[in-house]
Amino acid sequence: MRLGRLQTIGVVFGLVGVFLVAYVAPNVTSESKGFTFDTPPDPPTFSFTPGVVIAVIGVLYVLTAVASFFESRSRRTAQLALLGSGLLFLPLIIVVALALSESSGTNVVQLVVESLRLGTPVALGAMAGLWCERSGVVNIGIEGMMLGSAGVGFMIYSLLGDASSVPWLWASIGVAVVTGGLIAALHALMSVTFRVDQIISGVVVNLLALGVTGFLRSEVVVPSGITSGTPTSDIAIPLLSSIPVIGPQLFDARPIFFLMFVVVTASWWVLWHTRFGLRVRSVGENPHAAETLGIDVIRTRYVAVIIGGLIAGLGGAWFSMESQGGFQDNMTNGAGFIALAALIFGKWRPWTAFGGAMLFGFTRALGSRLQILGVEVGDFEIPSEFWQSLPFVVTIVVVAGLIGRAVPPASIGQPFERSR
Amino acid sequence: MTGGRERWAAELRHSIQIQSILVPLLAIVCAFAVGAVAIVAIGDNPIEAYWALLRGMFGSGDRIAASLGRSTPFIGASLAVAFAFRAGLFNIGAEGQLLVGATAAAWVGTWASVRDLPGIVAIVLLLAAGATAGFAYGAVPGLLKAKTGAHEVIVTIMLNAIALLYVRWLVNSQDPILLRDTASSVPRTAPIEDAARLPTFVDSQPPLHLGFLVMVALATLVWFILQRTSFGFEVRTVGTNPEAARYAGMDVGRTIFLAMAISGLLAGVAGAGEISGTSGFLSPGVFINIGFDSIAIALLARANPFAIVPASILWGAMLSGAGLMQQEVGLSIDVVRIVQALVLLFVAADVIVRTIFRIRKAADDPLATSTLASGWGGP
Amino acid sequence: MPGVSAGPDAAPVLEARQITKTFPGVIANEDIDFALHQGEIHCLLGENGAGKSTLMNVLYGLYAPTGGEIVVRGETVRFASSADAIARGIGMVHQHFQLIPTFTVAENVALGDEVTTRWRNLDLAATRDRIVEIGERYGLAVNPDAIVGELSVGVQQRIELIKALERDAEILILDEPTAVLTPGEVDDFFDVVRTLVDKGKSIVFITHKLREVLAVADRITVLRGGRAVGSADPSTATEQDLANLMVGRDVVFTVEKPPANPGAVRLELRDVNVTDERGVETCRSIDLRVRAGEIFGIAGVEGNGQRELVEAVTGMRTPASGSIRLGDDDITHASPRQVADLGVGHVPEDRNRHGVVGPFSIADNMVLNRYHHAPFSQRFLRRDAPIRELATELVEQYDVRTPGIDVAVATLSGGNQQKVIVAREMSRPLQLLVVAQPTRGLDVGSIEFIHRRIVQMRDEGAAVLLVSAELDEILSLSDRIGVLYRGELVGEFDRESATRERVGLLMARGRGDSEVPT
């Protein structure tokens, strides 16, 4: 008997479900644990016995496996069951981890907000990729665009000297954004004008950024004596920030975090609801058709790639001027590639890509949360490296599971040669 | 079979055409020229700096040996990248594969049973351990690409990060003690048995050891596989036009899988050789940046296995010689990094160089006909 | 006739004067004079590679001419891009449709000529209204909200026309518009073209099909080898005259072939179903038998399952159900390599992508299907001497025009590339030869050569499965004919009973009398 894709995933869930019900649930602690929704003291709390929750989820997984075999009867039910099971995986991890740790509870609202915060550069990177790839240019260089702008932005900040002045900080963030655009222009020059293989061009951008920022850090930033500065500070949005529970955590945050939502919304609106967006997407799907209608393909690609670079520049500024004030070599540490995975996960659409970015933000937030909780299996305390590797592992799973099924813009990767 | 031998000779000549040397050389010239601008910008004299660099690279017998020693792992790592290139794959994972290979070697080298083996057997065992680990680690992206279409660039970058984290854990972990040398204050593995150490020719810093010749032999082997075997023909066909390869009855998935795994194997051997020849132990951060270097070298050599050797020597020598430049002119080693980054830019975008110097494009350049980006988004 | 009223004395609406267009190493157009008058259908006739499309791309602003000038309504113009040509009222329907499959009809029509609201939002509603209006006026009905990729080629062609008309094109250039249509659809299309002329449009109609020229043209210009070699009056010219003018020598229309001498069944498909990569069932319950020594031709509009059928037979795609036998072997689940090694030759439809490895030498391309066999390989090692010997011999036998066997195949002309493929696939003992679109885009000389070879393979005892969208090719080569319609084999004819009309009807509507797909 040959298993289809849904059945294969279903069987995996089923096996996990059986394992949860038969082994994990009976063997975990019987102490009560809780999800809290606010900071102490006396936060609202949802208390539960881990074994029961794990068993319930396990049963649902088994049911999902069963549902997947009735794909032919109701494809929709099977798909919904799988989607639900996938989403249930997130609370499951937290419950299992809580059960294995000494802590009695954890603040889940904070966890969600932390996910959003850590997902910010990934979401910005994904939007950078979206603009670029919707116009038909593969952008494997998001990492380099972010790293380069983080480095150059902070270099300007350290050169300006006054490391606590807000206007200078914003000037430096501006420089970071422009730097992203310039690096993107280099990518466009290589891949659009000179028609270098777009993957090679992107890798060159990454390595160039690594080399140049290393040089600038040791030759400019370190000699200037200012290796750390004050990052952006929290802004409370009036009204929204006074919403109970989520208000103070979600709407009292830093500016690039808020700008990220603006960028995602704007990307969606411009690409799908304006003349320019229609043209960008047409160039990504069939540049020759666009050309026959008098659209300047080369110019459109340049503009789209550079817009992507500006967005990546903002993502870079997040690293060196919002999450902290300072620059370390290779500080983006793969966020650009994770952003690409989020883009693929989101099938080259802005809101779903945003969702993908938040999934990665969540894996990262969860990793550091679990590290603090101190999860032990038997006598073995799970080392921090395991948690740190979580986003990378999830990226591979996502890319392997979804690419090929997610259809990219049709002309992606193909250099365009103007007829004349 | 004289006809065959003549063909070999012709192919060899073909492999070292004037074109394929001229463009990378000019790219290097351009990179140094732009690098000079950066040096002037921070207020130093580029001629003095470059002169110091040159003497640091090849100024004395010892320095030459150190340069060759420094270049040794680059040969293996960039061969790995080049081999994958020829199959139309971009292996950014040389760093992780090197690390995994080195870890396997560092572990096998501490086996008590290795102590009593004859040197040649112990060394072969060590290199085989590195090769196996590298093969396995390269097989993962190969398999995922062949089966699911996951692009190897993303997968290998993720695997680099994962390898670094887990190797760090293996070496750092105090409870339980896994590979950590309890006698050492810094996190590193226990030294491998002397029997498994590659013999040293010159005790320079770093030493020039037998590993250099092993890597040169590896380069020859890779050339032979690519040009002279049926498998190599499959690799090149899949790398140039995978669709036509499929129509010709080649098993594209299998070829991709094997090419990626062999690429990992080459990097794994390089990692093992480095452990065995240079330090005798592994500290996790030792291969950082080697992914960068190997890609640049492979591009500089236009993925030609023979050109890899001189390109690696140049690369290693620059890093090795930068110390003298730092001493004499006070410029940090990062100057070399920026020049190397520029070399990469100019060799990758060789159109720029060709435009400046008006050189026509070679029709059979394996990089010019690359199909890397066309695989974006699945097979 | 409508339109002739304007007469040749009035100033032409579009004129090419001494147009020359060269590409590196190729002169595509040389000193071509061409004039289109108000309200006429001017046919531009020439074989593949004669320079017709190049000339039209120059007139449409996609190519900059190397020499000569373009005159629109008496005014000399220079086009910087097609936007300029569109602004002058020129519209073009390209041979390969320039549509974006993932966009809706409205988005495709709007693209480049978008209507926006005050907030700079796209106003697709306005475009939708225009599409409906144009549809009613010219008889070109389409649903503006349909996704283009899901529509049939006939409808896609209508969208291309609507795109041009939406931009108020007065001059329409139609590049090989009938290539993708069934004979019935061609007649309908001619009606549309005449309607357009009645409403005052002027039309350049590009084709290499003589029958169409005589059916529709008001005036004929013939191109050969990049030059305008003459013009003809459709009321007096014969097909033979035009053919001779087009090719430059006497052309024999029919392929000379002795009667078939069929033997045992070589290829047998039983109830074969094939799904494509999206999981759509593109071939349904195919039953098919091809005997040794006969050519079985599969007619049908492209995209009706031909590609998947060929892939299933050659092992490139495993059928979802059913069985395929080759002689005594079951090849239902065989790999392409196993199928090829059993003696199946395959000339694939897309020769650039599937047939050759462009940057490789002719020699390497000649052994793509046998590099792993002795004497070309021994104990995993390549052996060059036999490879070169074979390549030299095949280049000679198959008349591949090349300076040598070390030349990269990509540098050869389309005809010579196809000869390399044909040489490779036919130069070994075959049980079955599968050829898909073997002569698409080739010059008459190469077509004749390849046709002769196919017949020769048949006479040597191979079974031949021929797939072609060119009905003429099917009719002149096949001994038996099947029609593929929406993935089903809807009819089978002996050569004698297969008329253009009967086959054409099945191509358009299948067995039933269901509506033509819209």
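**The helices on the chain C sheet**

Select helix α9 of chain C, residues 306-313, in this predicted model. Helix α9(C) lies across four strands of chain C: β13, β19 (432-436), β20 and β21 (480-485). Against β19(C), the helix runs at about 155°. Now add helix α17 of chain C, residues 500-509, which also packs on the sheet. The strands touched by α17(C) are β13, β21 and β22 of chain C, and the direction of this helix makes about 25° with that of β21(C).

**The sheet itself**

Hide the helices and colour the strands. The sheet is open and has six strands, in the order β16-β19-β20-β13-β21-β22 of chain C, with mixed pairing. Which strands stand at the edges? They are β16 (344-347) and β22 (488-494) of chain C; each has a single partner strand, so one side of each is left without a neighbour in the sheet. On average, neighbouring strands here are turned by 15° against each other, direction ignored.

For one pair in detail, select β13 (residues 295-299) and β20 (residues 463-467) of chain C. These two strands pair in the parallel sense, over four bridges. I298(C) stands opposite V467(C) in β20(C).

**An antiparallel set in chain C**

Next, select residues 14-23 and 67-72 of chain C, which are strands β1 and β4. Their pairing is antiparallel, over five bridges, and A16(C) has I70(C) in β4(C) as its bridge partner. Add β5 of chain C, residues 75-77: β4(C) and β5(C) are also antiparallel, with three bridges between them. V71(C) stands opposite T76(C) in β5(C). The two strands form a hairpin with two residues between them, and R73(C) in the turn has a positive phi of about 50°.

**Backbone details to pick out**

Stay in chain C and select D271(C), in strand β11, residues 265-275. D271(C) is not a glycine, yet its phi is positive, about 50°. Buried or exposed is the next thing to ask of D271(C). With 12 other C-beta atoms within 10 Å, D271(C) is exposed.

Compare R302(B), in the loop between α12 (290-300) and α13 (305-329) of chain B. R302(B) has a positive phi near 45° and is not a glycine either. Here 24 C-beta neighbours lie inside 10 Å, so R302(B) counts as buried.

Two cis peptide bonds can be picked out as well:

- Q205(B) and P206(B) are joined by a cis bond with omega about 0°; P206(B) is in the loop between β1 (200-202) and β2 (208-209) of chain B.
- A374(C) and P375(C) are joined by a cis bond with omega about 0°; P375(C) is in the loop between α12 (362-366) and β17 (377-378) of chain C.

**Chain B as a whole**

Show all of chain B. It has 15 helices and two strands, and buried residues make up 59% of its 379 residues. Among the chain B contacts with a separation of 6 or more, 79% are between residues 24 or more positions apart.

**A buried helix in chain A**

Move to helix α13 of chain A, residues 335-345. 11 of its 11 residues are buried, so the helix is largely enclosed by the rest of the structure. The buried residues include G336(A), F337(A), I338(A) and F345(A). After α13(A) comes K347(A), with a positive phi near 50°.

Within the helix, select A342(A). Beyond four places in sequence, A342(A) touches V122(A), A126(A), A353(A), G356(A), A357(A) and F360(A). A342(A) is also among the residues that touch the most other members of the largest nonpolar core, which has 424 residues. The others are I308(B), V343(B), L344(B), V464(C) and L466(C).

**Where chain C meets chain A**

Display both sides of this contact: 23 residues come from chain C and 17 residues from chain A. On the chain C side, α2 (82-87) and α3 (105-110) are the elements that give two or more residues. α2(C) gives the most, with three residues. By type, the chain C side has 11 nonpolar, nine polar and three charged residues.

**Confidence**

Finally, colour by pLDDT. Chain C averages 90, and 96% of its residues score at least 70. Residues 1-8 of chain C are below 50; beyond near neighbours in sequence, this stretch has 17 contacts in the model. Residues 514-518 of chain C also stay under 50, with five contacts beyond four places in sequence. Where pLDDT is low, the predicted coordinates should not be read in detail. For the complex, the predictor gives an ipTM of 0.87 and a pTM of 0.88.

Note on methods
Residues are numbered from 1 along each chain as its sequence is written. Chains are lettered from A and ligands numbered from 1 in the order in which they are written. This is a predicted model: local features need pLDDT of at least 70, side-chain atom pairs count only at pLDDT 80 or more; totals for chains, interfaces and linings use all residues. A residue is buried if 20 or more other C-beta atoms lie within 10 Å of its own, exposed if 12 or fewer, and partly exposed in between; C-beta atoms are placed from the backbone. Two residues are in contact if their C-beta atoms, placed from the backbone, lie within 7 Å. pLDDT is the predictor's confidence in each residue, from 0 to 100. A nonpolar core is a set of buried Ala, Val, Leu, Ile, Met, Phe, Trp, Tyr and Cys residues joined through C-beta atoms within 7 Å. Ala, Val, Leu, Ile, Met, Phe, Trp, Tyr, Cys and Pro count as nonpolar, Asp, Glu, Lys and Arg as charged, and the others, Gly among them, as polar. Two strands pair if DSSP finds at least two bridges between them. Axes are lines fitted to C-alpha atoms, for helices over the stretch in contact, and angles run from 0 to 180 degrees between N-to-C directions.
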